[in-house]
Amino acid sequence: MNIILLGPPGAGKGTQARRLVEARDMIQLSTGDMLRDARKSGTEIGKIVAEVMDRGDLVTDEIVIGLIEERLNGERKGGFIFDGFPRTLAQADALGDLLQKHNQSLDAVVEMQVDDDALVARITARSTCGNCGEGYNDFAKPIPADNKCTVCGASDFKRRADDNEESLKQRLMEYYKKTSPLLGYYYAKGDLRTVDGLAEIDQVAASIAAVLG
Ligand code: ADP
């Protein structure tokens, strides 16, 4: 099964993708994570994308489509979860073509609905374990008092450089201008399934399981 998780920044796509990886042995393809790896590696592309990401703008279609294409040639396991991709209509078209080329298809596009106030509150409060990627939230799921990750025990928590109010505003603007048209695009194709992303993590996971069948 191949699916897209679609929703604004902070909707919880990454959290739910991790759940699906465990529950269904799927492969998470997060362009955000791939780009963060690219910037850490210090390559030329890494330097270019770092600036763009910190502003909250979108990286060019060419770069992210290239990253996805590379991964589609690799192992498939229980299928792909596209997390944070596609973000533009051009990326959506490219994904359709790439899947077809690999004799694959898209099974569902899951829209995670969350209101804007909740997004800002979530994002400015979030951090992740630098070792295993487990997500934390200052209010809903604080870092344990002993400062050790509940999953892997590491004490290396990180906040993203673009998780500040200014970049977030720009990321939301980019979402509404360039990504939200994909809701209509996939609705018209009959692929769109919507879940309430404001519910608790387990409840959202259950709703996603229900729409995927
Ligand atoms: P979020 O969904 O929380 O904004 P991501 O980790 O998915 O975070 O993405 C972080 C940043 O990486 C985006 O703001 C953008 O600059 C870049 N990015 C990620 N995926 C894409 C994409 N498909 N197209 C263009 N830029 C992307």
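**Group meeting: the ligand shell, helix H1 and a few backbone details**

Let me begin at the ligand, where the largest share of the surrounding shell, four residues, comes from helix H2, residues 31–41; helices here are DSSP runs of H or I with at least four residues, strands are runs of E with at least two, and both are numbered from the N terminus. Please keep in mind that this is a predicted model, in which local features need pLDDT of at least 70 and side-chain atom pairs count only at pLDDT 80 or more, while totals for chains, interfaces and linings use all residues. Residues are numbered from 1 along each chain as its sequence is written, and side-chain values use heavy atoms, with hydrogens and water left out.

There are 20 residues around the ligand, and those that come nearest are Thr 31, Arg 36, Asp 57, Gly 84 and Gln 91, where a residue is near if one of its heavy atoms lies within 4 Å. As for polar contacts, that is, pairs of N or O atoms within 3.5 Å, with the added conditions within protein that one atom must be able to donate a hydrogen and the other to accept it, and that residues adjacent in sequence count only if both atoms are side-chain atoms, I have three to show. An N or O atom in the side chain of Lys 13 is 3.2 Å from an oxygen atom of the ligand. A nitrogen atom of the ligand lies 3.0 Å from a backbone N or O atom of Val 59, and a polar side-chain atom of Arg 87 lies 3.0 Å from a nitrogen atom of the ligand. The protein buries 96% of the 550 Å² that the ligand exposes when taken alone, with areas from the Shrake-Rupley method and a 1.4 Å probe.

Lys 13 brings us to helix H1, where Lys 13, Gln 16, Ala 17 and Leu 20 are buried, meaning under 20% relative accessible area, with exposed meaning over 50% and partly exposed in between, for a 1.4 Å probe and protein chains only. Why do these four sit on the same side of H1? They do so because they cover an arc of only 105 degrees around the axis, taken from the directions from the helix axis to the C-beta atoms. The buried residues of H1 pack against strands S1 (3–6), S2 (27–30), S3 (80–83) and S4 (108–113), and against helix H9 (201–212), contact being heavy atoms within 4.5 Å. Just before H1, in the loop between S1 and H1, is Gly 12, whose C-alpha atom is separated by 7.6 Å from that of Met 112, 100 residues apart along the chain. After H1 comes Asp 25, with a positive phi near 55 degrees.

Strand S3 holds Phe 80, which counts as buried because its relative accessibility is 1%. Leaving out residues up to four places away in sequence, Phe 80 touches several residues, including Ile 3, Ile 27 and Leu 29.

Finally, the backbone details. Phe 85 and Pro 86 are joined by a cis peptide bond, with omega about -5 degrees, and Pro 86 lies in the loop between S3 and helix H5 (89–101). Asn 103, in the loop between H5 and S4, has a positive phi near 55 degrees and is exposed, at a relative accessible area of 72%. Asn 147 also has a positive phi, near 60 degrees, and at 37% relative accessibility counts as partly exposed.
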